[in-house]
Amino acid sequence: MNKNQKIQFNQMVERSVKRAAKNLSGTKGVVSVRLSQEEIDVIDQLVFLELAKNRSDATAMLIREGIRTHQTLLGEIREYTAELEQVKAKMQRRIQESGLVGRLQQAHDREEIQIGGGVYEPEGNK
């Protein structure tokens with residue numbers, strides 16, 4: 001890291017530590033995550049410098065900072081997700097109304113599926 005990056009990193013850490021202290025009481029869940037060695041090293045540095053109590057707190061602190069930094073983008077994602085949920089619900093209703101689900105379930109129960117002009121039967125049914 002160059003000097004400017006180190007300064008920016010330290011400022012981010014300071015803001016995150018202040019927020020983390022406020023937010024830790026509101027922790028709601030646990031998430032497992034795979035990280036690169038470089039990312040783990042950054043987290044361990046925060047713990048070593050006693051800016052976080054442990055890896056979990058350091059990780060939460062960095063995630064909160066990332067969320068705060070990208071609020072505009074995340075807001076857009078929420079809007080698009082809401083639109084997609086509406087489209088998904090509409091398609092699910094349309095598929096249910098078409099009767100396709102019932103026909104597929106019946107075929108599944110008989111363990112046969114229409115493919116093209118013929119009927120596919122799994123090996124065990126022959």
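1. In this predicted model, helix α2 is followed by Glu50, a residue with a positive phi near 60°. The helix itself comprises twelve residues, and its first and last C-alpha atoms are 16 Å apart, close to the 16 Å expected at 1.5 Å a residue.

2. A positive phi also appears just after α4, where Gly99 takes a value of about 85°. Helix α4 covers residues 71-98, 28 residues in total. From its first C-alpha to its last, α4 reaches 40 Å, close to the 40 Å expected at 1.5 Å a residue.

3. The structure holds two salt bridges. One of them involves Asp44 and Arg55, whose closest N and O atoms are 2.7 Å apart. This pair links distant parts of the chain, as Asp44 belongs to helix α2 and Arg55 to helix α3, eleven residues apart. Side chains of opposite charge can pair when their charged atoms come close.

4. The second largest pocket has a volume of about 200 Å³. Its lining consists of Phe9, Met12, Leu35, Glu39, Val42, Ile43, Thr59, Leu62 and Ile63. Two or more lining residues come from each of α1 (3-23), α2 (37-48) and α3 (55-69). By residue class, the lining of this pocket divides into seven nonpolar residues, one polar and one charged. Helices α2 and α3 thus recur here, having also supplied Asp44 and Arg55 of the salt bridge.

5. Which residues form the nonpolar patch on the surface? They are Val87, Met91, Ile95, Leu100, Val101 and Leu104, and together they have about 480 Å² of accessible area. The elements giving two or more residues to this patch are α4 and α5 (100-109). Val87, for its part, is found in helix α4.

6. For inspection of the model, two sites may be viewed together with their helices: Glu50, which follows α2, and Gly99, just after α4. Helix α4 also contributes to the nonpolar patch, while α2 contributes to the lining of the second largest pocket.

Conventions
Residues numbered from 1 in each chain as written. Predicted model: local features only at pLDDT ≥ 70, side-chain atom pairs only at ≥ 80, totals over all residues. Heavy atoms only, no water. 1 Å grid on protein atoms, 1.4 Å probe; cavity = no way out; pocket = protein on both sides within 12 Å on 5 of 7 lines; lining within 4 Å. Points joined across faces, edges and corners; volume = space filled by probe spheres on them. Helix = DSSP H or I, 4+ residues; strand = E, 2+ residues; numbered from the N terminus. Nonpolar A, V, L, I, M, F, W, Y, C, P; charged D, E, K, R; others polar. Expected span 1.5 Å × (residues − 1). Patch = residues over 30% accessible without salt bridge, like charges linked within 9 Å, V, L, I, M, F, W, Y side chains within 5 Å. Areas by Shrake-Rupley, 256 points an atom, 1.4 Å probe, with all protein chains shown as cover. Salt bridge = Lys/Arg side-chain N within 4 Å of Asp/Glu carboxyl O.
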